[in-house]
Amino acid sequence: MGIDLIIFTVLSAIAIAAALGVILSKNPVNSVLCMITCFVAIAGHYIMLNAQFLFVVHLIVYTGAIMVLFLFVLMMMNLNADIEPQKRNWLKYAGAISGGALLLVLVAALRDASLPAIQAGGKTDIGLVSNLGKTLFTSYVVPFELSSVLFLSAMVGAVVIGKK
Amino acid sequence: MEFTIDWYFLIEKLLLISAVLGVSLAVAMYSTWGERKVAAWIQDRRGPNRAGIFGLLQPLADGGKLFFKEEIIPSHANRFLFVLGPSLAMLTACLTSAVIPWGDTLTIGDRIVSLQIADINIGVLWIMAVVGMGVYGIMIGGWASNNKFSLLAACRGASQVISYELPMGLALIALFMLSGSLSLKDIVEQQREGVWYILLQPIGFLIFLICAFAECNRTPFDLPEAENELNGGYHLEYSSMKLGFYLFAEYINMFISSVLMATLYFGGYAFPYMDSLGLDGNTLTILGIVALFLKTFFFIFVFMWVRWTIPRFRYDQLMKLGWKILIPLALLNMLITGAVVLFRQYGI
């Protein structure tokens, strides 16, 4: 048993426990905190795969920016459980079924996927900044620039809604 | 399979981590003393002078006082989150020190010890990530207090940190265009061979400095703790050492920001003519550490100097400065840097 395996086991345990905490805890703020813990644990997995850039971007974007927004919204809302409307039963079933279907699709997709980074056991250098940057700006430059236009339009949209 | 753990490596890193944390805490502790002495000097007073020579024992007395104060947790507050807030503030303040190169390598016996805890090639991005997570300490603490002033201050603090992260990142991008590397160690080594980046990136440094003030919630951007409007800010309900942690985290952040400014723009542990002195490696390394700390102390002094000189901004002025002045300026700086780098690579 190498040190890699120990770290992997610990990180996975934290990630799964935190993910369960997200859906099981009654208090939404606790859910958000569990989600942050889960994201940090998953970021740890990225660093185990030597995907350093993905690791840090995951931290900056998800734990740093998106979860702060979540927390902002939750803190501004009234979190009193008594006045929270009870969800209807069919909504719960619909949620469970669609979630299960998504799980099925993900498992099916992962079964046949080739994951060179994982098979190489974190020994590849594809996740380093310079390699990733070269790939993005040579082979995938058109989709990359198009997605930045998409982001720009989202930003303009937010400003337009905010001005109303 | 068997355990393959390099124990020397682990012990070396543990010692290094303890040393860095110890130094951060000690510097933060004496920054509180320095802050009062600088304030006294600027306002023509004497400052603390009763506890020990020059009041040097004052931080210890303050710490002891904070530990022995009664701990009050408001009855309507969420206890777990209330304790988590200051803990997170301390944690994120200490995390950044991992990627800073505190010195060159030391040679002990036949082992070469690097005085940097982790030389990852995304060093600066790691700092941005930790700075982004620093918001949680403020937000959770402010919200868990169950007090409208704390919540208002937490919102102010969080939006301020998020807003000023953008120009900071943009100023750093211009620096990376010159350095071609995100590793702090590489950036220092380049400045050791060439010129300090302050000469190539003066505007970038100015933006970084202003943003560092905002990220540390220091005057003139200390709106989250504006006493006259918010009774003391997000740590209004905190007492005893939990309040101490919040205040302490601010000083650690100040120390780390100063080290960062010294490292990124002022050569870090490199100093002029260091390679032409003809000294051996270990002596040079120790001199380098001294140089880094001298630069750092200068920036800590600047932080204090500004605090006791410039009054606080109004909140709308703060946001206007961040979004309408600093971000366009940083973008312009980035554009010019990019053009110059391109020109030097390819000619016209």
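A pocket is an open set of grid points with protein on both sides within 12 Å along at least five of seven lines. In this predicted model, the largest pocket holds about 2,600 Å³ of space. Its lining is made up of 50 residues, and those that lie nearest its centre are Ile60(A), Val61(A), Leu166(B), Leu170(B) and Ile173(B), so that both chain letters appear in this short list. The elements that contribute two or more residues to this lining are, in chain A, helix 3 (52-76), helix 6 (129-138) and helix 7 (141-163), and, in chain B, helix 4 (123-144), helix 5 (148-179) and helix 12 (315-346). Sorted by character, the lining residues of the largest pocket comprise 33 nonpolar, 13 polar and 4 charged. Within chain A, domain 1 (3-123) and domain 2 (128-164) both give residues to this lining, and therefore the largest pocket lies between them.

How far can the coordinates of chain A be trusted? Chain A has a mean pLDDT of 84, with 89% of its residues reaching 70 or more. Confidence in chain A is highest in helix 7, at 91, and lowest in helix 5 (residues 116-119), at a mean of 62. Where pLDDT is low, the predicted coordinates should not be read in detail.

Besides the pocket, the structure holds 1 cavity of 30 Å³ or more, and the volume of this largest cavity is about 390 Å³. Its lining consists of 25 residues, with Val131(B), Gly134(B), Glu215(B), Cys216(B) and Asn253(B) nearest its centre. Two or more residues of the lining come from each of helix 3 (79-95), helix 4, helix 5, helix 8 (202-215) and helix 10 of chain B, and helix 10 of chain B provides the largest share, 7 residues. The lining of the largest cavity divides into 17 nonpolar, 6 polar and 2 charged residues.

Helix 10 of chain B deserves a separate look. Spanning residues 240-265, helix 10 of chain B has 26 residues and reaches 38 Å from its first C-alpha to its last, which is close to the 38 Å expected at 1.5 Å a residue. Because 22 of its 26 residues are buried, helix 10 of chain B is largely enclosed by the rest of the structure. Ser240(B), which is found in this helix, is likewise buried, at 5% relative accessibility, and has a positive phi of about 55° although it is not a glycine. Just after helix 10 of chain B, Gly267(B) also takes a positive phi, of about 85°.

Most residues other than glycine have a negative phi. Against that background, Asn50(A) can be set beside Ser240(B), since the phi of Asn50(A) is near 65°, a positive value in a residue other than glycine. Asn50(A) sits in the loop between helix 2 (28-48) and helix 3 of chain A. With a relative accessible area of 19%, Asn50(A) counts as buried, because the cut-off for that word is under 20%.

Another buried residue brings the path back to chain B, where Leu81(B) belongs to helix 3 and has a relative accessible area of 0%. Leu81(B) and Ile140(B) are 59 residues apart in sequence, yet their C-alpha atoms are 6.4 Å apart in space.

Notes
Residues numbered from 1 in each chain as written. Chains lettered and ligands numbered in written order. Predicted model: local features only at pLDDT ≥ 70, side-chain atom pairs only at ≥ 80, totals over all residues. Heavy atoms only, no water. Helix = DSSP H or I, 4+ residues; strand = E, 2+ residues; numbered from the N terminus. Expected span 1.5 Å × (residues − 1). Buried < 20%, exposed > 50% of the residue type's maximum accessible area, 1.4 Å probe, protein only. 1 Å grid on protein atoms, 1.4 Å probe; cavity = no way out; pocket = protein on both sides within 12 Å on 5 of 7 lines; lining within 4 Å. Points joined across faces, edges and corners; volume = space filled by probe spheres on them. Nonpolar A, V, L, I, M, F, W, Y, C, P; charged D, E, K, R; others polar. Domains from an automatic or database assignment. pLDDT = per-residue confidence, 0-100.
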